[in-house]
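Work through the exercises below with the sequence and the structure at hand. Each task is followed by its solution.

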Amino acid sequence: MSNYAIETRNLKIAYGKKEVIKGVNFKIPEKIVFALMGPSGCGKSTLLRSFNRLLDLNKDARVSGEALLFGQNIYGENVDVMSVRREIGMVFQYPNPFPHLTIYENIAIGLRLNKIVQGREELDSRIKWALEKASLLDEVEDRLDDYPSALSGGQKQRLVIARVLAMKPKVLLLDEPTANVDPVGTKNIENLLMELKKEYTIVLVTHEPAQASRISDYVGFLYLGELVESGPTARIFENPKHELTDRYVRGILA
Amino acid sequence: MKKVDSFKILTAPAVIFVFVLFAYMLFVYIYMSIPIFQWEGCGIYLTNIWHASEIPAEEYYGIAAAIWGSVYTSIIAVVIALPLALSYSIFVNDFAPPRIKNAVIVTSDVMAGLPTIIYGIWGAYVLVPFLRQWVMMPLYSTLSFIPLFSYPPVSGYSYLSAGVLLGIMVTPFASAIIREAYASIPHTYREAAYSLGLSRYEVTRIVAGMIRPAMVSGLLLAFGRAIGETVAVSLVIGNTFNMSISLFSPGYTISSLIANQFGNAFIYEHMTSALFAGGLALFVIGTAINMAGLLYLRRWKQNVKF
């Protein structure tokens, strides 16, 4: 049994003939924030989507190598893709609570369809618990039957986090979760992530080195599909070994 | 000096013209219906009698059967068209390979534009005998104790034939609206649903839930087309002043009644007015359905924002 939450071994991803991830190897320890940073188009979102097999939705995408989730290769044979996804929660760049469902129903739907909870009472308490965890309960407690359109961008994003947490995943994947959120909302979400890492392993994709340095413990720098460098955040930012990393964290890499 | 906006001057008359035309049409229908209301009161809508006579005092017209037939066949049409249109939209967007997708879309759009008489003749020669042989007869012989199937399918010309034909005719319209709406749901919502560990079926159901307004619009459009359709229906419904819940019974619709009777209505004192009253009923039903739909859409838009 490995004590890494996620580990990749020579993971390669191609869209058709175009290879976008060119064999990456890294290990993400449990209960930390791991930031995956790099310029737009370097393959970070693609890589992130390979960790919960969301990449399967793209028919052109081909994955080779291994991605281990707590020691188990999720690209191995006889893997139940749906249960992998249930163990790994995902938050997206665009805050995407289901617009046609109420705040309550947004969280309830995953629990109901996956038959995770039984009965109204358990459902109610699980939803309250998830909202509390996502630091949203105080703001929406008296309007659970409102639609997400009544929420701000940052609140919507925390609703998405609550929807994910309700499933009690082991790992959280976040794909630039603050890209469409205002500064106050961003700060709230960053504080929330610092809180959540006590219990969950968090993999955060960001195109802002500053965000990576603020909240991550480990960081990986991805450039043109290759993992240039990875390691403890402080070390990478203060003493990068690779020239590309150095230029990127100083903000002079085009 | 205030600048004259030439764009406004050009477009305003067109807009005003549309409203005036609508009001004028409504006025004409009400005005032309007045004589029949004076003659027999609400009997025109509440009774099922069609008694034309050259002696005006003996004339009596009640179009309840036609109103019932219009509503009944349109409901059958919509009940058939909506599931078809929804499955079509899901198939076209999620399953069909690109070439088949294009072929299916073009076919459906062409079908929407075909002259309706083409459906009518096909319906009378192919659909009616087929339904009679393979649907009505078996159902009648086994389940005739159920009121819906209780009428002996003698000719096959019936509410069911008209409803099915209308369903086929209006499906392309509902499909076009639902298909576009389904395609326009951003991919991120699918990703969100899949990432919760849901199956393809469950994800599709969630996405379909997001296009409820399009389904309502599609339903309205389909119902509107169905209730207004004339030629094709009059070829397959049997044109009988019959009023029955039984699907296999022949009947009448308002539009087919007007189409059949208008030519010689001027011979009789009250018939033209009776037919205008029928038109007025169509007018009211159509407007009411659309208003209900618009109210629903407005409520949806207040709550649901992508």
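**Exercise 1. State what share of chain A is buried, then do the same for chain B.**
Step 1: buried means under 20% relative accessible area, exposed over 50%, and partly exposed in between, with a 1.4 Å probe and protein chains only.
Step 2: in chain A, 55% of the 254 residues are buried.
Step 3: in chain B, buried residues are 45% of 306.

This is a predicted model, in which local features need pLDDT of at least 70, side-chain atom pairs count only at pLDDT 80 or more, and totals for chains, interfaces and linings use all residues. Residues are numbered from 1 along each chain as its sequence is written, chains are lettered from A and ligands numbered from 1 in the order in which they are written, and side-chain values use heavy atoms, without hydrogens and water.

**Exercise 2. Check the radius of gyration of chain A against the globule rule.**
Step 1: the radius is taken over C-alpha atoms, and the rule is 2.2 Å times the number of residues to the power 0.38.
Step 2: for 254 residues, a compact globule would have a value near 18 Å; chain A has 18 Å, so the two agree.
Step 3: along the principal axes, the C-alpha atoms of chain A fill a box of roughly 55 × 45 × 35 Å.

**Exercise 3. Count the helices and strands of each chain.**
Step 1: helices (H or I, at least four residues) and strands (E, at least two) are DSSP runs, numbered from the N terminus.
Step 2: chain A has ten of each.
Step 3: chain B has twelve helices and two strands.

**Exercise 4. Locate A:Asp138 and classify its exposure.**
Step 1: A:Asp138 lies in helix H5 of chain A, residues 137-140.
Step 2: its relative accessibility is 70%, so A:Asp138 counts as exposed.
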